[in-house]
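Me: I should like to learn how aromatic pairs and surface patches are read from a model. Please take me through the structure below.

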Amino acid sequence: ITCEVLMLSSHLALPRECHLNQVFHVFAYLKYHHNVALVFDPTYPDDDFETEFPKKDWTLFYGPVKEKLPPNSLAPPWQRFYHVYFC
């Protein structure tokens with residue numbers, strides 16, 4: 001079941017209806033197998049990403065480039081999203 005859950009989690013950015021159907025299959029499996037459970041840790045990891053991965057100036061390597069965005073793209077929410085997996 002770990003493999004299936006991890007594969008479904010890779011579609012969190014752009015889920016489709018077929019992915020929702022597969023989630024229902026996972027929950028149906030858990031319903032009929034009472035000794036199995038999904039455990040979610042609601043706490044955030046205690047990592048300091050600002051000190052572990054400091055921002056670097058790459059303009060000497062890449063030059064003055066700017067990322068091209070599609071004209072109909074949404075504005076990013078600028079919130080951090082954490083994926084934590086326990087196997």
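Reply: What follows treats aromatic rings, a surface patch and cysteines in turn. The model is predicted, so local features need pLDDT of at least 70 and side-chain atom pairs count only at pLDDT 80 or more, while totals for chains, interfaces and linings use all residues. Residues are numbered from 1 along each chain as its sequence is written, and side-chain values use heavy atoms, without hydrogens and water.

Me: How many aromatic pairs does a search of the whole structure find?

Reply: A pair of aromatic rings is described by the distance of the centres and the angle of the planes. Rings of Phe, Tyr and Trp (its six-membered ring) pair if their centres lie within 6.5 Å; planes under 30 degrees apart are stacked, over 60 edge-to-face, and the rest tilted. Here the search yields three pairs. Trp58 and Phe61 are edge-to-face, because their planes stand at 80°, with centres 6.2 Å apart. Trp58 and Tyr62 are tilted, at 6.3 Å and 55°. Trp58, Phe61 and Tyr62 form one aromatic cluster.

Me: Is Phe40 buried or exposed?

Reply: Buried means under 20% relative accessible area, exposed over 50%, and partly exposed in between (1.4 Å probe, protein chains only). Phe40 has 67%, so this residue is exposed. Together with Ile1, Phe27, Tyr29 and Leu38, Phe40 forms a nonpolar surface patch (residues with over 30% relative accessible area and no salt bridge, nonpolar side chains joined within 5 Å).

Me: How many disulfides are counted?

Reply: A disulfide is a pair of cysteine sulfur atoms within 2.5 Å; the count is zero. Cys3, at 47% relative accessibility, is partly exposed, and Cys18, at 45%, is also partly exposed.

Conventions:
Patches are made of residues with over 30% relative accessible area and no salt bridge: like charges are joined within 9 Å, nonpolar side chains (Val, Leu, Ile, Met, Phe, Trp, Tyr) within 5 Å. Accessible areas come from the Shrake-Rupley method with a 1.4 Å probe; for residues, only the protein chains shown count as cover. A salt bridge is a side-chain nitrogen of Lys or Arg within 4 Å of a carboxyl oxygen of Asp or Glu.
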